[in-house]
Amino acid sequence: APTWRPDSRAIAFIQDSSGDQHFRLIVWKVPSGATSLAGHVGRAAPHLSWSPDGTYLALLSEPQDGEARRLVILRPELREPPIVLAHAVGNREVLAWAPDGGAIATTSATDPGNIEIVSIDGIARHLTAFPHGEVTGAAWMSGGNRLMIAGNVYGEDSAQVVTLRAGTGVPEGRRTCVGTISDLRAFGQGVAYQVASEGRFYAVIDVDEKGRLQRSFRELQGSTSLLGLNSRGDSVLALHTGLSSPPRLLVAPLLGPLGQGTNSPRQPIESGAASRAVWLRASDGVFVPAYVWSPPQSVAPRRAIVLVHGGPTQFSPRTWDAGVQLALRRGYFVVALNYRGSVGYGARFESRMHDISGQVADVVAACQFVRRVLGVPRGRVVLWGHSYGALIVSRAVATQPAPAGRAVLISLVPDRL
């Protein structure tokens, strides 16, 4: 994803203009709009991270198919060749700069439960966060003396966040939550992260240097994402999307009860229909969750769209969506499928992310539900897949008999067929 430089005067992003997945790193200057080629970075992961002073860009790169992922830094302003700090790191998208810019935390190639701290001189050391699990995210606390690490313990469905001393690796605290933790980042004096849980996500601002849990938006229905702090640093700005209501801006104190929030200054949008949760049984006996929106009874004819999200480590939310509400007004049922491997339903469910044949069976089960329960004939069912979801849909429609009358494939990568 495009990444702002800390001084907000440049944006870095990865470009693949030829379709061969050999990427170029581009820097776009603000406000001039000038772009420059910062370097060729091979088969790069999409995550980029600027150093705190904006001098370096860090990324994870795979030189060739089958080769180990590397930790690379470069200085875009000088257009120097990339510097390889570590020739083998883990597969998780974890890049966390120390506050002083002297080191980067990433995942270990040899032990998924370890964090590897690599200095910009290329010296690496390991900290063990989950002896019997895997690391999924990391962020430094403001003083640079502690790291907050997210991860999963094998055999358990809950996710955990552990605070480690950066120098010794000694744990100082641990929290457990139901769902999947992602997007750890420094936020004020603490660390913020997102928790995906059963079709929604909520933001948490975790412990500061005094060990206080500052703010959790778990109690709000719907999904909440953080925008930033106010100028005084004592209130949080967040965007909240309800189960049946459009996004609104929230202002809440870091400590104390949640504020009432304020609506966005744009013209208010009326609330829409809410979804209902169902569990679908695939042909191999696995149950998968989905969310169903129903059109008004007065609207005809009855049709259906089955949404298949990308990822696979993503999920389809059950919250308000403008496209879904428009489809309802046109007489469509909308079914948002969270196939096996989707996040937010426990580590064991997420561990099935590479079961492509099972995911195809999940899509077929969703189409059977539309026909048998919602009463929509096969010819009026549309499968709608994005990215990895498009891959699943393309394989589902190749089964006999075809589960749907039509399919829409968005951002499908042809060489994955």
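This section describes the fold, the nonpolar cores, the second largest pocket and selected local features of a predicted model.

The secondary structure of the protein chain comprises 4 helices and 28 strands. Of its 417 residues, 49% count as buried. Among the contacts in the chain with a separation of 6 or more, 44% are made by residues 24 or more positions apart.

In soluble globular proteins, nonpolar side chains tend to be buried together. The largest nonpolar core in the model has 41 residues, and those with the most contacts inside it are L280, V306, V308, L337, V370, L374 and L383. Two or more residues are given to this core by each of the strands β23 (276-281), β24 (287-293), β25, β26 and β27, and by each of the helices α1, α3 (356-372) and α4 (388-396). A second core, separate from this one, has 19 residues and includes L127, W140, L147 and V162. Within the largest core, the surroundings of V308 can be listed individually. When residues up to four places away in sequence are not counted, V308 touches Y339, V363, L383, W384, G385, H386, G389, I392 and V393.

Two of the helices that contribute to the largest core were examined further. In α3, the 17 residues should span 24 Å at 1.5 Å a residue, and the end C-alpha atoms are 24 Å apart, so the expected and computed spans agree. The buried residues of α3 are G358, Q359, V360, A361, D362, V363, A365, A366, C367, F369 and V370. These buried residues pack against the strands β23, β24, β25, β26 and β27 and against the helix α4. Helix α4 is itself mostly covered, with 8 of its 9 residues buried. The buried residues in question are Y388, G389, A390, L391, I392, V393, S394 and A396. Their cover includes β25, α3, β27 and β28 (406-410).

Rolling a probe the size of a water molecule over the atoms shows where empty space is left. The second largest pocket has a volume of about 540 Å³. It is lined by 29 residues, of which L307, P317, D321, G323 and V324 are the closest to its centre. The elements that give two or more residues to the lining are β20 (223-229), β21 (235-241), β25 (303-308), α1 (322-329), β26 (332-337) and β27 (381-386). Helix α1 provides the largest share of the lining, with 5 residues. By residue class, the lining divides into 18 nonpolar, 9 polar and 2 charged residues.

Two strand residues illustrate opposite degrees of solvent accessibility. S61 is found in strand β5 (residues 57-62). Its relative accessibility is 3%, and S61 therefore counts as buried, the cut-off being under 20%. The C-alpha atoms of S61 and L71 are separated by 6.6 Å, although these residues are 10 positions apart along the chain. L227, by contrast, is found in strand β20. With a relative accessible area of 51%, L227 is exposed, because the cut-off for that class is over 50%. L227 and L239 are 12 residues apart in sequence, and their C-alpha atoms are 6.9 Å apart in space. Leaving aside neighbours within four places in sequence, L227 is in contact with L237, A238, L239 and L249.

Several backbone features were also identified. Most residues other than glycine have a negative phi, and most peptide bonds are trans. A cis peptide bond, with omega of about 10 degrees, joins V30 and P31. P31 is found in the loop between β3 (23-29) and β4 (35-50). The peptide bond from Q400 to P401 is also cis, with omega near -5 degrees, and P401 lies in the loop between α4 and β28.

Positive phi values occur at two serine residues. S8 has a phi of about 60 degrees and is placed in the loop between β1 (3-4) and β2 (10-15). The relative accessible area of S8 is 44%, which makes this residue partly exposed. S387 has a positive phi of about 55 degrees and is found in the loop between β27 and α4. At 28% relative accessibility, S387 likewise counts as partly exposed.

Notes: Residues numbered from 1 in each chain as written. Predicted model: local features only at pLDDT ≥ 70, side-chain atom pairs only at ≥ 80, totals over all residues. Heavy atoms only, no water. 1 Å grid on protein atoms, 1.4 Å probe; cavity = no way out; pocket = protein on both sides within 12 Å on 5 of 7 lines; lining within 4 Å. Points joined across faces, edges and corners; volume = space filled by probe spheres on them. Nonpolar A, V, L, I, M, F, W, Y, C, P; charged D, E, K, R; others polar. Core = buried A, V, L, I, M, F, W, Y, C linked by side-chain atoms within 4.5 Å. Buried < 20%, exposed > 50% of the residue type's maximum accessible area, 1.4 Å probe, protein only. Contact = heavy atoms within 4.5 Å. Expected span 1.5 Å × (residues − 1).
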